[in-house]
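Please give a short report on this model. Cover selected contacts, helix packing, the core and unusual backbone angles.

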Amino acid sequence: MNKIYNNLSIENLIKTEWFNQFNEDQRYWITEGLENKIDVSVYANPEMSDSIMEEIFYSQISNIDIMPYVNEGYSLFQLMEIRAGLEANLDISYYNNINFDWQQMREIRFGLEEKLDVSIYAKKCFDWQQMERIRAGLEDNLDVSQYAKPELSFEEMEKTRFRLENEIE
């Protein structure tokens with residue numbers, strides 16, 4: 001793209017056959033990128049969804065490189081969690097695993113933001129609801145080892161967490 005169109009103004013570029021291969025929403029993010037002096041060549045791909053283009057646009061605005069995660073096939077919501085963690089200067093190595101769904105990533109990110117020991121629950125064996133209960137216990141300084149067990153449902157974890165809270169009071 002750069003070799004062919006790098007001398008065209010935005011107004012002239014949007015009149016090209018190349019630009020017309022994109023749908024309306026994709027064209028919007030390409031135009032936004034060009035207007036903001038962003039290298040749109042990383043996302044100007046007609047097979048890429050406009051939502052992924054948008055996420056790449058905002059990551060570039062924040063000087064964050066999420067392209068390795070895009071190229072690995074992370075979903076839109078996973079990419080959003082990765083970008084949020086990177087923008088907050090968090091150690092996303094706890095959750096930048098494509099095998100975590102976005103909700104698990106979010107729970108780990110929330111724990112990192114609170115400076116909790118997320119290694120206790122940043123494990124694929126816990127679903128996001130279990131992670132949420134473990135994180136809540138850590139926030140309350142509870143001994144989560146009593147219920148941070150993958151074989152327990154999140155409801156069972158919640159009951160144990162409430163019991164532990166009541167023992168403290």
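Leucine 152 touches Gln130, Gln146, Tyr147 and Met157, leaving out residues up to four places away in sequence. Contact here means heavy atoms within 4.5 Å. Leucine 152 sits in the loop between H9 and H10. Helices (H or I, at least four residues) and strands (E, at least two) are DSSP runs, numbered from the N terminus. Valine 40 is 112 residues from leucine 152 in sequence and 47 Å from it in space, C-alpha to C-alpha.

This is a predicted model: local features need pLDDT of at least 70, side-chain atom pairs count only at pLDDT 80 or more, and totals for chains, interfaces and linings use all residues. Residues are numbered from 1 along each chain as its sequence is written, and side-chain values use heavy atoms, with hydrogens and water left out.

**Core**

The largest nonpolar core has 45 residues. Such a core is a set of buried Ala, Val, Leu, Ile, Met, Phe, Trp, Tyr and Cys residues joined through side-chain atoms within 4.5 Å. Ile30, Tyr43, Ile108 and Ile134 have the most contacts inside it. Helices supplying at least two residues each include H3 (17-20), H4 (24-35) and H10 (154-168). H5 gives the most, with 4 residues. Beyond its neighbours within four places in sequence, isoleucine 108 contacts Tyr94, Tyr95, Phe100, Val118, Tyr121, Ala122 and Met131.

**H7 against H8**

H7 and H8 pack at about 15 degrees, with axes 8 Å apart. H7 is therefore roughly parallel to H8 (angles under 35 degrees count as roughly parallel). Axes are lines fitted to C-alpha atoms, for helices over the stretch in contact, and angles run from 0 to 180 degrees between N-to-C directions. From H7, Phe77, Gln78, Glu81, Ile82, Ala84 and Gly85 meet Trp102, Met105, Arg106 and Arg109 of H8.

Glutamate 81 belongs to helix H7. Glutamate 81 is buried, at 8% relative accessible area. Buried means under 20% relative accessible area, exposed over 50%, partly exposed in between (1.4 Å probe, protein chains only). Apart from residues up to four places away in sequence, glutamate 81 touches Tyr95, Trp102, Met105, Arg106 and Arg109.

**Positive phi**

Two loop residues have a positive phi although neither is a glycine.

| Residue | Phi | Loop | Relative accessible area |
|---|---|---|---|
| Lysine 37 | about 60 degrees | between H4 and H5 | 75%, exposed |
| Asparagine 89 | about 55 degrees | between H7 and H8 | 70%, exposed |

Methods
Parallel < 35°, antiparallel > 145°, perpendicular 65-115°, else oblique.
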